[in-house]
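Let's take a friendly walk through one model, starting with its strands and ending with a pair of helices.

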Amino acid sequence: MCGDIEMGVGFRITMSDFEYESLLDRARDKIPTEISERARWTLPDPEILIEGNQTIIRNFSELISKMDRDPNHVYQFLLNELGTSGTRESARVMFKGRIPPKRIRGKIVNYVKSFILCNQCDSPDTHFVKEERTTLMKCQACGATRPIRL
Ligand SMILES: [Zn+2]
């Protein structure tokens, strides 16, 4: 845990027209105060840059460290959702094509909903448990499990 990351003003403005922040706020609201460490969970601003004919998330590794998920899983998810190919380096990812940052942020929200937030209590305090051939997402806050497709 490296504490809260302040969201920049620009981010707050650009994000307000879709649900990124409200999603995270909602998650924070519902988490019991006992697990306040995770209750402060926020994602850093995705730093998205369009350069020539490619789109770069400059702080991908920073996002991943907060998400606590397999970087390759997040990367493959984004490629599939965006319908493009790309390159993953240690700290950043690059996608082919000029992709609107808003679209990428939307996909990150989808990932958070599908693979991080508990669908029972909205806690982000979840992890994957392998059972036989299926993978379950287990919530540390309320104990709920649900099968997920990786
Ligand atoms: Zn839960």
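In what sense do β1 and strand β2 (residues 54–57) pair, and over how many bridges? They run antiparallel to each other, and four bridges link them. Please keep in mind that this is a predicted model.

## The sheet

One bridge can be picked out by eye: I50 has T55 of β2 as its partner. The wider setting is an open sheet of four strands, paired antiparallel in the order β1-β2-β4-β3. At its edges lie β1 (48–51) and β3 (86–88), each of which pairs on one side only. From one strand to the next, the twist averages 20°.

In general, the strands of a sheet are joined through backbone hydrogen bonds, in either a parallel or an antiparallel manner.

## Helix α5

Helix α5 covers residues 71–82, and its twelve residues should span 16 Å at 1.5 Å a residue. The C-alpha atoms at its ends are 16 Å apart, which agrees. Just after α5 comes G83, with a positive phi of about 60°.

## Where α5 meets α6

The partner of α5 here is helix α6 (residues 101–115): the two pack at an angle of about 125°, and their axes are 10 Å apart. Angles from 115 to 145 degrees count as oblique, so α5 and α6 are oblique to each other. Their crossing is right-handed.

On the α5 side, the contact is made by V74, F77, L78, E81 and L82, while α6 brings K107, N110 and Y111. By type, the residues of this contact are five nonpolar, one polar and two charged.

Terms used
Residues are numbered from 1 along each chain as its sequence is written. This is a predicted model: local features need pLDDT of at least 70, side-chain atom pairs count only at pLDDT 80 or more; totals for chains, interfaces and linings use all residues. Two strands pair if DSSP finds at least two bridges between them. Axes are lines fitted to C-alpha atoms, for helices over the stretch in contact, and angles run from 0 to 180 degrees between N-to-C directions. The expected span of a helix is 1.5 Å times one less than its number of residues. Angles under 35 degrees count as roughly parallel, over 145 as roughly antiparallel, 65 to 115 as roughly perpendicular and the rest as oblique. A crossing is left-handed if the near helix is turned anticlockwise from the far one by less than a right angle, and right-handed if clockwise. Two residues are in contact if their C-beta atoms, placed from the backbone, lie within 7 Å. Ala, Val, Leu, Ile, Met, Phe, Trp, Tyr, Cys and Pro count as nonpolar, Asp, Glu, Lys and Arg as charged, and the others, Gly among them, as polar.
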